[in-house]
Amino acid sequence: MAKNRPSRRVRPSPPAQVNGPDVREIIREELSKALALPAGATATNVTAGYLQALQRNGSPRISGTAALSRDPYNNVSFGPGEPLFPAPIDPLLPSGRAAPRRAEFDVSWNLQTTTTRNVPWTVLRDAADQVSVMRSCIEVNKSAITGLEWSFEIDPARAQHLAKRSGTSSHEVTSNLQDKYAADMDRLHQWWAKPDRINNWTFSEWLGALLEDQLVLDAVSIYPHLTMRGDLHSLELLDSTTIKPLLDHRGATPQPPYAAFQQILWGFPRGEYAQSPPEHVDAAFVSAIYGRTTGVEDGTDALIYKVRNRRTRSPYGFSNVEQALVDVDLWLKRYDWLRSEYTAGVTPEMIVGVDANMTPEQLRSYEAVFNDDLSGRTAERHRARFLPAGFTTSYPQSHDAKFTSDFDLHLIRLICAAFDVLPTSLGFSPNHGSGAMGAQGHSQGEQDAQLQRGAKPTATWIKDLINEVCVHYLGMPPEVTFKFHGLDLEDEAKEAALLTGYVNTGLQTINEGRDQRGLPRFSFQQADEPFLSTPTGPAFLNPDVQPVGLPGNLPSAPQNHDGYQKPSTPSEPDSGNVKAEQKAFMTFLRKRAGSSWRDFTFTAHPVEIAEAANRLAAAGDVDAVRALFAMNDG
């Protein structure tokens, strides 16, 4: 056999030499020309010493801008590096540097006549009107505020501040201010009884419309109508979807007298207004940032535009409806699925599988005979039926088995959370034992949380708005404030319990506590002395005022007044009844934990023990209550 000879490896021949200039040489020549310095120029090595010399000689200026100093050690080995010098695009301040922009807003923002919002106004309006759960949440929030009583009164914080400066009690200061500004408070209350006299809206109607725009759009537009004399006649609410906020060169609200808002109607600006009420800005700041500006040229050119959820990146807010849109979208899809199940569902109660060789027409005929034979005959449907060979039955999962309310209630809770509303406020009762919406009932803590997160912040926002209007348009004194009533009852009860603990432990005197509550002082000496509360009565820390531990020493005690008759001594209580009453009291105390205190009615204990136990329990001192009962048993 012939041996296989190895094949010779063919080596590639070198490329043929192309006549012409070498490309690599051309690139080298061009790079040398680009890197060559112009005639007469010299190169300087940039070293750390050179940078320090530049630093000593002063900061560089780029396009007339004075940059701030640079750290000479930025360019050390593995250092952070020298930051770029800024190139401002706004007018320079006297320092040679520009003020910061508020945000990187869209260029030509003021030229846009259509909405620049991510979510159009119409989507928010339609969602608020057509989604039942969302509409219920809106109405609950509106009712929580419009149903409150309101008035104008002396600002407690202002009165307390004046009391500290004058060295008198806050109650005395408040009383003097009430006498001084009684006519002003009556005038303000009468004006706000009907704030929109043009449309004949009362305060509750006006406030309801304002809350509607705040909850749905988070934009409230109010046009102040003035009389020929310049007095405020009406506050008319405008459709905020027609108001476009304008921006100045920094992205902030333009200062008066420049236009800050435009009303866009039928695709074009039809009116423009300055921001109102006019704020008294420091003149030095105004001249430094915006130059010399004046106030509003005419009072009729002003507009009040308020947003509750302010954001630096946009002049628009973030309403409760917009916050709940994602959850509402899922809720609507779930609702549409339920409706389709009832209107276009195709799942029958029973399916019969057929192995026999039957045509579709035969199957339909047999199905019609079988169903007609059982239709409307309840007794026959309870009897056994025999099918021919090849027929097998199956029962698909019914719609009721597939549907559970847990997911729907979860979506409801998510939507309610965007409005700070409890589902029970909408009429959804908890499912007892199922865990779908919590255990039976809602604790007082949950109700307090709803009040703290929902009604109180909204009421504070409205109070600030009304106070601002009253100061700038109605001449309200700074010592007077608008107030909603009924929101601070729980806080007042907690504050009273805390204050009672301070007084009973000697941290404050009685008169100091009454000053804090705005009540008149007592005139007797013991009201200005600290004491410790004991089961037998107050024990004053000053032994010259009262021997320690001796009860009934206060001048306000009834036994110290003329004509007092000592009550008859009750018979010795039964020890079993005392123990049972103590146990019932401790159970009552645990149930009242976290809520306002209500005195327990004792029948087997002496009056002084009963009063002391209730007082200690109201202060939350459970250990002291146990010690009191132990002393009484001993």
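The following exercises, each with a worked solution, concern helix packing, burial and cysteine geometry in a predicted model.

Residues are numbered from 1 along each chain as its sequence is written, and side-chain values use heavy atoms, with hydrogens and water left out. Because the model is predicted, local features need pLDDT of at least 70 and side-chain atom pairs count only at pLDDT 80 or more, while totals for chains, interfaces and linings use all residues.

**Exercise 1.** Describe how helix H4 and helix H8 pack.

Helices here are DSSP runs of H or I with at least four residues, numbered from the N terminus. Helix H4 covers residues 132-146 and helix H8 covers residues 203-216, and their axes lie 10 Å apart at an angle of about 140°; the axes are lines fitted to C-alpha atoms over the stretch in contact, with angles from 0 to 180 degrees between N-to-C directions. Angles under 35 degrees count as roughly parallel, over 145 as roughly antiparallel, 65 to 115 as roughly perpendicular and the rest as oblique, and H4 and H8 are therefore oblique to each other. Among the residues that meet (contact means heavy atoms within 4.5 Å) are Ile138 and Ile145 in H4, and Leu207 and Leu211 in H8.

**Exercise 2.** Place Thr458 in its surroundings, and state whether Thr458 is buried or exposed.

Thr458 belongs to helix H16, which runs over residues 444-473. Its relative accessible area is 6%, so Thr458 is buried (buried means under 20% relative accessible area, exposed over 50%, partly exposed in between, with a 1.4 Å probe and protein chains only). With neighbours within four places in sequence left aside, Thr458 is in contact with Ile145, Leu211 and Arg308; Ile145 lies in H4 and Leu211 in H8.

**Exercise 3.** Carry out the same kind of analysis for Leu411 in helix H15.

Leu411 sits in H15, residues 405-418, and at 1% relative accessibility Leu411 counts as buried. Beyond its neighbours within four places in sequence, Leu411 is in contact with Leu330, Trp331 and Arg334. The C-alpha atoms of Leu411 and Val328 are separated by 7.9 Å, although these residues are 83 apart along the chain.

**Exercise 4.** Determine how many disulfides the model contains.

A disulfide is taken as a pair of cysteine sulfur atoms within 2.5 Å. For Cys137, the closest cysteine sulfur is in Cys416, and the separation of 3.9 Å is too far for a bond. Cys137 is also buried, at 0% relative accessibility, and Cys470 is buried with a relative accessible area of 0%. By the distance rule, the count comes to 0 disulfides.

Definitions and conventions: Helix = DSSP H or I, 4+ residues; strand = E, 2+ residues; numbered from the N terminus.
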